[in-house]
Amino acid sequence: MPDQSINLDNEKSTDATESRLRNRDKTLIQSAVLSETPSFPKSVLVEVANICNHACTFCPYPLTTRRGKLIDPEFLKRALKEAYDLGAREAGLYGGAEPFTCKKLDLHVRNAKEVGYDYVYVSTNGSLPSKERLKTVIDAGVDSLKFSVNGGNRETYALVHGQDHFDKVVENIEFVLEHRKTLDRKMFVYISFVQVPKNADSLPELIERFEGRIDEFYINPAVNVSGQMPNLPLDENMPDTCVIPFNQLNITAEGHLRVCCNDYQNSLAIEDLNKMSVGDAFYGDRFRDFRRRHMNDDLKGTLCHNCLKGCFEKVHPLNPELGDWGPLNQSKLRII
């Protein structure tokens, strides 16, 4: 199935050109300058926690062997300020796990807005927070919440997510939609849906439930996530050269600069931001060399190679000093 978006701010559409989220993706790609020393990224993606309470069948998280970690608030405040001073203006406070496992998520949102970020956004499965916690994060200044809801009814949702939380998530989305009516600013509410054969038929139910009330549905087929889910198909939209190392900053819960958020084992962690500045890390020798390798298609032995070539070869960490968690534990793979 091709990628779809349904923009409900004005009218329903499956045309990606009318999608706010697709246009953001497109801008990320088109603004990239392939250089060892590109302009500093406008977009920062922060893994505030690498812990999740769900086990979605399309996600590598349940297979990870990496230790759970919450990001240090003082470290993050410093890193966000350094990135902002270099030109960053958008901050996503989530990675490949569940950001509401971080009890200080509202503090991180508030700090990012106080630093000056124009757009601060969070993607969540929506099952953990109470209504009060959601209100606290919204009132801290978050500009958008995207809920990952991968089933249109309770039974399908539980099958895909591995947890029977559909009713609570629906209640939380309803609460957010009501609370944002009290705000004196624009806040976006999105729902993402990763389509697998077992949940496709339930999508119309989800759309019917929220049609005309959320801003957009963000619908994608399940893919092999950079070669980490061998039971899933290749991403048909992969470019010849990935732009993420050139125009997105990714920070892990440990405080490492990482090449890509799709890296669940930190094999693409490249520098320790606890020991150096954001600017020195982004423009340092290691990252410059890795960007050169991207431009020269010299990526064998890395997760990026597996992602771009659609293969499942052995991966070696870019910087073993930052930890070598080995391969994902495929024995935990849950196929439905």
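Here is a chat between a trainee and a mentor about this predicted model.

Trainee: What are the ground rules for numbering and confidence here?
Mentor: Residues are numbered from 1 along each chain as its sequence is written, and side-chain values use heavy atoms, with hydrogens and water left out. In this predicted model, local features need pLDDT of at least 70 and side-chain atom pairs count only at pLDDT 80 or more, while totals for chains, interfaces and linings use all residues.

Trainee: What is the mean pLDDT of the chain?
Mentor: pLDDT is the predictor's confidence in each residue, from 0 to 100. Here 95% of the residues reach 70 or more, and the mean is 93.

Trainee: Which stretch has a pLDDT below 50?
Mentor: Where pLDDT is low, the predicted coordinates should not be read in detail. The stretch in question has 41 contacts in the model beyond near neighbours in sequence, a contact being heavy atoms within 4.5 Å. The pLDDT is below 50 over residues 5-17.

Trainee: Where does UniProt place the "domain: Radical SAM core" feature?
Mentor: The name comes from an unreviewed UniProt entry; positions follow the numbering used here, feature names are shortened, and annotations may be inferred rather than shown by experiment. In the model, the span is 31% helix and 17% strand, with its end C-alpha atoms 25 Å apart. Helices (H or I, at least four residues) and strands (E, at least two) are DSSP runs, numbered from the N terminus. The record puts the feature at residues 38-254.

Trainee: Is strand β4 (residues 119-124) enclosed or open?
Mentor: Buried means under 20% relative accessible area, exposed over 50%, and partly exposed in between (1.4 Å probe, protein chains only). Y119, Y121 and S123 on one side and V120, V122 and T124 on the other are all buried. With six of its six residues buried, β4 is largely enclosed.

Trainee: Which strand joins β4 through four bridges?
Mentor: Two strands pair if DSSP finds at least two bridges between them. Strand β3 (residues 90-93) pairs with β4 in the parallel sense over three bridges, with G92 opposite Y121. On the other pairing, also parallel, T124 has F147 as its bridge partner. The strand with four bridges to β4 is β5 (residues 144-148).

Trainee: Where is I71 found?
Mentor: I71 is buried, at a relative accessible area of 4%. Leaving aside neighbours within four places in sequence, its contacts include V46, H108 and I251. The place of I71 is the loop between β2 (43-46) and α2 (73-86).

Trainee: How many disulfides does the structure hold?
Mentor: A disulfide is a pair of cysteine sulfur atoms within 2.5 Å. The sulfur of C59 is too far for a bond because the closest cysteine sulfur, in C56, is 6.3 Å away. C242 is in no disulfide either, with the sulfur of C260 nearest at 6.1 Å. The count is zero.

Trainee: What is the phi of S226, about?
Mentor: Most residues other than glycine have a negative phi. S226 is in the loop between β7 (216-221) and α8 (244-247), and counts as buried at 7% relative accessibility. Although S226 is not a glycine, its phi is positive, about 60 degrees.

Trainee: Is D297 buried or partly exposed?
Mentor: D297 has a positive phi of about 55 degrees although it is not a glycine. This residue lies in the loop between α10 (285-295) and α11 (303-309). With a relative accessible area of 45%, D297 is partly exposed.
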